[in-house]
Each structure stands twice: as structure tokens, then as C-alpha cells.
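User: Could you take one helix and look at it closely, and then follow its surroundings out to the empty spaces in the model? I would like a single connected account, with the reasoning spelled out where there is any.

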Amino acid sequence: RPAAAAFLRAAALRAGPRALELRRLAAEQLLVSGHVDEGRRVLQEVLAQVGLTLAPTPRRALLSLLRRRLQLRLHGLRFVLRPAAAIAPAELARIDICSVVSQGLSMNDNIRAADFQALGTLLALRAGEPVRLARALGMEASFVATRGRPARARATRLAQIALDLARSVDQPAAIAQALLSAGTVAYLASSEWRRAAALCGEAEAIFRERVHGGTWAKTTTRRFWLGSLMYLGELAELRRRLVDFLGDAHDRGNIYALTDMRTRLNLAWLAADEPAEAHRQLDAAMRRWPIDGFHIQHMNALMGRVHVDLYVGEPDIALRRIAAQWPALTGSLLPRIQLVRSEAHHLRARAGLAALAAAPPRATARAARAIARDIDALAAEATPWLTALAQLLRAGLARSTGRPEAAVAALRRAIVGLRAHDMGLHVAAAEHHLGRLLGGDEGARLRATADAWMTAQTIREPAALVRVIAPGFT
């Protein structure tokens with residue numbers, strides 16, 4: 001915020017293109033540090049000066065996005081590289097302004113951000129300035145990747161072109177940005193958590209050691225890096241790095257980073273057997289986040305609170321939370337993102353399974369049907385790691401409805417799929433349950449292996465965390 005205020009004071013003393021550039025920088029600083037409402041006000045002024053506006057509603061933004069994506073398809077990936085000096089300053093300024101919108105709104109207003117990203121990519125292709133083109137293609141790859149597995153080929157191609165361009169200009173910031181985009185594609189479209197973690201870790205080191213500034217890129221890189229560790233189940237490393245990254249965000253007053261990490265990675269406090277602290281972190285995170293609309297931060301906070309509910313054995317509260325926020329979630333259009341849509345169904349199915357054991361007999365069939373619908377929604381994504389999660393949920397449903405043999409078969413299928421994607425925590429949870437169902441020497445071996453793995457990840461109460469990851473077996 002202090003940097004943004006300085007830019008605005010300087011802009012008040014200037015006129016013309018320089019004043020516009022200073023206001024653009026102010027909007028960028030506010031948005032990427034999480035001062036969203038203030039940043040939007042400045043951004044609207046900047047956009048008005050170049051004849052652009054944000055769509056008034058998410059649905060209008062979606063229509064605009066579809067139109068611009070069609071224009072991109074028709075244009076193709078044709079470009080002719082030109083130095084910045086050969087391009088009109090006003091043309092470069094429009095590309096830079098689109099970049100501010102797409103980056104600044106990407107993690108809280110995805111549809112409007114994607115709309116401006118598509119426009120910025122089209123402008124960058126026409127201009128051909130290599131640094132801006134690499135940035136635009138990389139960001140476009142990330143937005144395309146939100147469609148998940150169906151968009152993997154196109155997103156991967158865009159990310160590779162961006163990385164090749166960035167390496168050709170040999171600028172650390174451009175290379176790190178392109179590595180982040182490649183990591184994001186691996187995370188969102190390919191479910192390659194190990195590769196995503198490696199790419200984002202490499203990008204983070206470059207941003208930290210060789211790039212001055214870059215608040216949004218550095219924060220987003222850390223977000224996807226730690227998110228990959230969470231899906232891998234490597235909670236020991238996640239917790240170590242989370243402490244450092246939260247301290248840095250606090251020192252910089254970065255609300256975006258503080259909110260995102262406290263909500264998205266809230267499982268870290270449950271691994272330490274600190275449910276009260278997990279709730280406190282969620283409260284602190286959302287207290288300063290804008291309440292206008294339903295953002296990805298609200299979805300992450302919902303997931304964090306439900307995880308705490310399941311950890312402490314209060315699934316009915318979890319279901320009420322989900323029901324209360326489900327209309328806002330669907331109305332936000334966030335479920336257009338495959339990962340958000342899948343995590344929402346996965347979350348509701350887990351809360352339903354945890355509550356099923358406590359339901360009166362007459363409600364069991366109805367509850368089981370509701371859970372099955374969410375499981376079917378996961379399986380319908382036709383994405384291997386989601387299919388494996390669906391199998392883990394089917395195992396819990398079979399066990400809860402008195403079909404232990406079906407539960408064993410589903411657990412075995414889940415373990416194969418989860419192990420193929422390096423999802424260690426989920427594998428351990430499945431093996432823990434399979435061991436209990438099988439009994440005997442094989443069961444004891446499976447339980448011992450699962451508990452040893454979770455202990456190595458500094459999980460203090462493995463059984464409690466298993467209730468969160470794979471409910472339905474108690």
C-alpha cells in the first residue's frame with residue numbers, strides 16, 4: 001500500500017502517458033497485495049483512460065471471454081518478434097494494463113481476469129514484443145489450464161512457447177514467470193504434482209534471488225508450490241516452508257498471500273493437531289478479505305473450516321456450512337474451473353460420509369444417494385486422479401452401508417490410482433482403512449506402513465487426519 005500511495009502522489013503531479021503508467025503501477029501494487037477494493041477503484045480509472053471497462057457481471061465477463069477466445073483461435077499463435085522501440089507506446093501500455101487486470105484479479109475474480117488475459121494475449125501476439133508476449137502466453141496457458149484435463153494439450157503448448165521465448169530473451173523475471181506458468185499447467189491440467197512442485201520451486205528461487213519486486217508472481221509461485229506439496233501429502237516440508245512464507249507476507253503487509261496461504265493450506269495446522277489454531281488462522285485471514293462476492297479465498301476458507309469440523313468430529317456442522325455457501329459458490333462461476341468444481345463435490349461427499357454414521361436409519365438411504373451423486377460428479381470428470389478419489393469415497397460409502405467386500409475392492413483400486421499420482425497422504429489413509437478391514441498379518445502390515453508414513457510427515461494424530469481425508473469407516 002505505501003508503494004501504491006507513492007505512485008498515486010507522483011501521478012497527480014504528471015500528465016499524459018507517464019501519469020497513466022504511474023496509476024497502472026499503483027493499481028497493480030494494490031491488487032497483487034490483496035487490497036482488492038482499493039485496487040479496483042484505481043484500476044477502473046486506468047481502464048477508462050484507454051477506453052476499456054470491466055464487465056459489470058460475471059456472466060457478461062464470460063460472454064466477453066468466449067468472444068475473445070474465439071478471436072484468439074482465429075488468429076492462431078502467429079507472431080513476428082519486434083523490439084519494444086519499434087512498437088507504439090500506447091500499444092504497449094494497453095498490453096501492460098491487460099496484464100495488471102489478469103494478474104491482479106486472477107486469484108479472486110477469475111472470469112474477469114481471464115477476459116482481459118485473452119485480450120492481452122491477442123494484443124501481445126499482434127505486437128510481437130518478446131518479453132510481453134512470453135508473459136501473455138504463459139498467463140494464457142494458466143487460464144486455459146483451469147479447464148483441467150481436456151485443455152492439457154493446448155495449455156502445455158502455450159506454456160512451452162512462453163518458456164522458449166523467455167529463455168531466448170534471457171531475463172530472470174521472464175524465465176521465472178514462464179516456469180510458474182508451466183508449473184501451474186502441470187498443477188491444474190495434468191495433475192502432475194511432483195512436476196508442478198519442481199517447476200514452482202525453481203521459479204520461486206529465481207524470483208527470490210534474482211528478481212526485485214514481483215509481488216504477485218512470487219506469491220502465486222509459492223501458492224502453487226505449497227499446494228503441490230499438499231496434494232503430494234508432504235506436509236512436513238509444507239509446514240516448514242509455510243512458516244517462512246507467512247512471516248515474509250506479514251512483514252510486507254501482503255493480504256493476498258496471508259489470506260491465500262492461511263485458507264488454502266489450513267491442513268498444516270491439523271497435521272500439528274491444532275484445530276483451534278486452524279480456526280484462528282481462518283478467522284484472521286478472512287477478517288481482512290473483501291466480502292463483496294464469492295472468491296476462491298471464500299472457497300478455500302470453506303474447505304478449511306469443513307476440514308476442522310471433520311477433524312473434531314462435527315460433520316453435521318460441516319454439512320450446514322456447505323449448504324449455506326453452495327448457492328454463492330455456484331453463482332460465482334468458479335465451478336467452471338475443474339479443480340474448484342471437483343474439490344467442492346469431494347468436500348461435500350466427505351462431509352456426507354462423516355455424517356452418515358450418525359444419521360437415523362430412515363435418513364441413511366437419502367443421505368447415501370446424495371453422497372453417490374457427488375461421487376458420480378467426480379468420476380464424470382474422466383480424470384485419473386479424480387477417478388481415484390471417487391474410488392476412495394465409494395469405499396467409504398460401501399463401508400458405511402454395510403458392504404465391506406465392496407469397500408475392500410474400491411480401496412484397492414483407489415490405492416493404485418492414488419499412488420500413480422504420488423498422493424502419499426491419500427494412499428496412507430486408504431491403506432490405513434484397508435488394513436483395518438482385512439485384519440490379520442496383511443492388515444497389520446498395511447496399518448503399520450500407513451502410520452509410519454504419516455508419522456514421518458510429522459502428523460501428530462494420524463487417525464484424526466484420516467477422518468478428514470477419507471471418512472466413512474468408523
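Analyst: The helices named here are DSSP runs of H or I, at least four residues long, numbered from the N terminus. The model is a predicted one, and the helix chosen for the close look is H4, which covers residues 58-75.

With 18 residues at 1.5 Å a residue, H4 should span 26 Å, and because its end C-alpha atoms are 25 Å apart, the expected and the modelled span agree. The buried residues of H4 include Ala 61, Leu 62, Ser 64 and Leu 65, and further along Arg 68, Arg 69, Leu 72 and His 75. Viewed down the axis of H4, these buried residues fall within an arc of 165°, so they line one face of the helix. On the other side of H4, the exposed residues are Arg 59, Arg 60, Leu 63, Leu 70, Arg 73 and Leu 74. Arginine and leucine thus occur both among the buried residues and among the exposed ones. Helix H6 (110-127) and helix H7 (130-145) are among what covers the buried residues of H4. Just after the helix, Gly 76 takes a positive phi of about 75°.

From H4, the cover provided by H7 leads on to the open spaces, since H7 is one of the helices that supply at least two residues to the lining of the largest pocket, together with helix H2 (16-32), helix H5 (89-105), H9 and H11. This pocket has a volume of about 620 Å³, and of the 26 residues that line it, Glu 28, Gln 103, Arg 135, Ala 173 and Gly 214 lie nearest its centre. The largest share of the lining, five residues, comes from H2. By class, eleven of the lining residues of the largest pocket are nonpolar, nine are polar and six are charged.

Two of the residues nearest the centre of that pocket, Gln 103 and Arg 135, reappear among the contacts of Gln 177, a residue of helix H9. Leaving out residues up to four places away in sequence, Gln 177 touches Gln 103, Arg 135, Met 139, Phe 207, Trp 216 and Ala 217. Because the relative accessibility of Gln 177 is 9%, and buried means under 20%, this residue counts as buried. Arg 167, in helix H8 (residues 152-169), has a relative accessibility of 46% and therefore counts as partly exposed. Apart from neighbours within four places in sequence, Arg 167 is in contact with Ile 175 and Leu 179. The C-alpha atom of Arg 167 is separated by 9.9 Å from that of Val 131, a residue 36 places away along the chain.

The second largest pocket holds about 420 Å³ of space. It is lined by 24 residues, with Gln 29, Ser 33, Thr 215, Arg 252 and Asn 254 nearest its centre. The elements giving two or more residues to this lining are helix H1 (2-12), helix H10 (193-210), H11, helix H12 (235-252) and H13. The lining of the second largest pocket divides into eight nonpolar, ten polar and six charged residues.

The enclosed spaces come next. There are eight cavities of 30 Å³ or more, and about 320 Å³ of space lies in the largest of them. This largest cavity is lined by 24 residues, of which Ser 106, Met 107, Asn 110, Leu 188 and Phe 224 are the closest to its centre. H7, already met as part of the cover of H4, is one of the helices that each supply at least two residues to the lining, the others being helix H9 (172-188), helix H11 (215-232) and helix H18 (338-356). H9 gives the most, with five residues. The lining of the largest cavity comprises 13 nonpolar, eight polar and three charged residues.

The second largest cavity has a volume of about 250 Å³. Among its 18 lining residues, Met 230, Tyr 231, Met 303, His 307 and Arg 350 are the closest to the centre. Two or more lining residues come from each of H11, helix H13 (255-264), helix H16 (296-311), H18 and helix H22 (424-438), and H16 gives the most, with four. Here the lining divides into seven nonpolar, eight polar and three charged residues.

Terms used
Residues are numbered from 1 along each chain as its sequence is written. This is a predicted model: local features need pLDDT of at least 70, side-chain atom pairs count only at pLDDT 80 or more; totals for chains, interfaces and linings use all residues. Side-chain values use heavy atoms; hydrogens and water are left out. The expected span of a helix is 1.5 Å times one less than its number of residues. Buried means under 20% relative accessible area, exposed over 50%, partly exposed in between (1.4 Å probe, protein chains only). The arc is that of the directions from the helix axis to the C-beta atoms. Contact means heavy atoms within 4.5 Å. On a 1 Å grid over the protein atoms alone, a cavity is a set of points where a 1.4 Å probe fits but cannot get out, and a pocket is an open set with protein on both sides within 12 Å along at least five of seven lines; lining residues have an atom within 4 Å of a point. Grid points are joined across faces, edges and corners, and a volume is the space filled by probe spheres set on the points. Ala, Val, Leu, Ile, Met, Phe, Trp, Tyr, Cys and Pro count as nonpolar, Asp, Glu, Lys and Arg as charged, and the others, Gly among them, as polar.
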